[in-house]
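Here's a quick briefing to read with the sequence and the 3D picture open side by side. Take it topic by topic, and find each residue as you go.

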Amino acid sequence: QVQLVESGGGLVQAGGSLRLSCAASERTFTNYAMGWFRQAPGKEREFVAAIRWTGANTYYADSVRGRFTISRDNAKNTVYLQMNSLKSEDTAVYYCATGLVYRLTITIATGYDVWGQGTQVTVSS
């Protein structure tokens, strides 16, 4: 089974930038989605962004669209989340995940079956 390792979290000031990485131990199937989710204390886990290993489609939550960019490096089996113009509301544990998730459910956490350990992002105001 593929394993996911996340990195890049840390402390940043509001307005700053951070890039998260999610390295897969092996290439997942071409039609698998790679997603980023986040969970703040006392809140439900929410969708952030998603991408596939092929094609040009990307997906974003309304709350991050225009500020965050998801990308991939197929040669490194790695997916990135570039986060710009960070806000205090972005503070959360960020998780990457993968699974056989199709278009209609790509934003739903329960559709993913492999998860990384999570990385903490804290944005100070």
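Start with Arg52: its relative accessibility is 14%, so this residue counts as buried, since the cut-off for buried is under 20%. Keep in mind that you're looking at a predicted model. Arg52 sits in strand E5, which covers residues 46-52, and the protein around it has 11 strands and 0 helices.

**Arg52 and its surroundings**

- Which residues does Arg52 touch, once neighbours within four places in sequence are set aside? The list is Asn31, Tyr32, Ala33, Asn57, Tyr59, Arg72, Val101, Tyr102, Arg103 and Ile106.
- Now try Arg67: it is 15 residues from Arg52 in sequence, and the two C-alpha atoms are 20 Å apart in space.

**The overall build**

- Reading from the N terminus, the elements go β-β-β-β-β-β-β-β-β-β-β.
- If you boxed up the C-alpha atoms along the principal axes, you'd need roughly 40 × 30 × 25 Å.
- A compact globule with 125 residues would have a radius of gyration near 14 Å, and this protein agrees with that because its own value is 13 Å.
- Of the 125 residues, 45% are buried.
- Take the contacts with a sequence separation of 6 or more: 58% of them are between residues 24 or more positions apart.

**The outside and the charges**

- About 6500 Å² of the protein is exposed, and 49% of that comes from carbon and sulfur atoms.
- How many positive and negative side chains are there? The protein has 12 positive and 9 negative ones, and the centres of these two sets lie 6 Å apart.

**The disulfide**

- A disulfide, in case the word is new, is a covalent bond between the sulfur atoms of two cysteines.
- The count here is 1 disulfide, and it is formed by Cys22 and Cys96, with their sulfur atoms 2.1 Å apart.
- This pair ties together distant parts of the chain: Cys22 is in strand E3 (residues 18-24) and Cys96 is in strand E9 (residues 92-99), 74 residues apart.
- Why is the disulfide called right-handed? The torsion about the S-S bond of Cys22 and Cys96 is about 65°, so it gets that label.
- Buried or exposed, where do these two cysteines fall? Both Cys22 and Cys96 are buried.

**Thr98, in strand E9**

- Stay on strand E9 and you'll find Thr98 there.
- Thr98 has a relative accessible area of 0%, so this residue is buried.
- Gly35 is 63 residues from Thr98 along the chain, yet their C-alpha atoms are separated by 6.2 Å.
- Leaving out residues up to four places away in sequence, Thr98 touches Val2, Leu4, Thr28, Tyr32, Ala33, Met34, Tyr112, Asp113 and Val114.

**Val2, at the start of the chain**

- Val2 turned up among the contacts of Thr98, and you'll find Val2 in the segment before strand E1 (4-7).
- With 8% relative accessibility, Val2 counts as buried.
- Besides Thr98, the residues Val2 touches are Ala24, Ser25, Glu26, Thr28 and Val114, again not counting those up to four places away in sequence.
- For a long stretch across the model, look from Val2 to Tyr59: they are 57 residues apart along the chain, and their C-alpha atoms are separated by 22 Å.

**Asp90, in a loop**

- Asp90 has its place in the loop between strand E8 (78-83) and E9.
- Being in a loop doesn't put Asp90 on show: at 1% relative accessibility, this residue counts as buried.
- Asp90 touches Arg38, Arg67, Phe68, Ser85, Val121 and Val123, not counting residues up to four places away in sequence.

**Two residues with a positive phi**

- Most residues other than glycine have a negative phi, which makes the next two worth a look.
- Asn77 is not a glycine, but its phi is positive, at about 50°.
- You'll spot Asn77 in the loop between strand E7 (68-73) and E8, and at 17% relative accessibility Asn77 counts as buried.
- Ser85 also has a positive phi of about 50° without being a glycine.
- Ser85 lies in the loop between E8 and E9, and is one of the residues that Asp90 touches.
- Is Ser85 buried, partly exposed or exposed? At 40% relative accessibility, Ser85 counts as partly exposed.

Notes. Residues numbered from 1 in each chain as written. Predicted model: local features only at pLDDT ≥ 70, side-chain atom pairs only at ≥ 80, totals over all residues. Heavy atoms only, no water. Disulfide = S-S within 2.5 Å. Helix = DSSP H or I, 4+ residues; strand = E, 2+ residues; numbered from the N terminus. Buried < 20%, exposed > 50% of the residue type's maximum accessible area, 1.4 Å probe, protein only. Rg over C-alpha atoms; globule rule 2.2 N^0.38 Å. Contact = heavy atoms within 4.5 Å. Areas by Shrake-Rupley, 256 points an atom, 1.4 Å probe, with all protein chains shown as cover. Lys, Arg positive; Asp, Glu negative; His and termini not counted. Charge placed at Lys NZ, Arg CZ, Asp CG, Glu CD.
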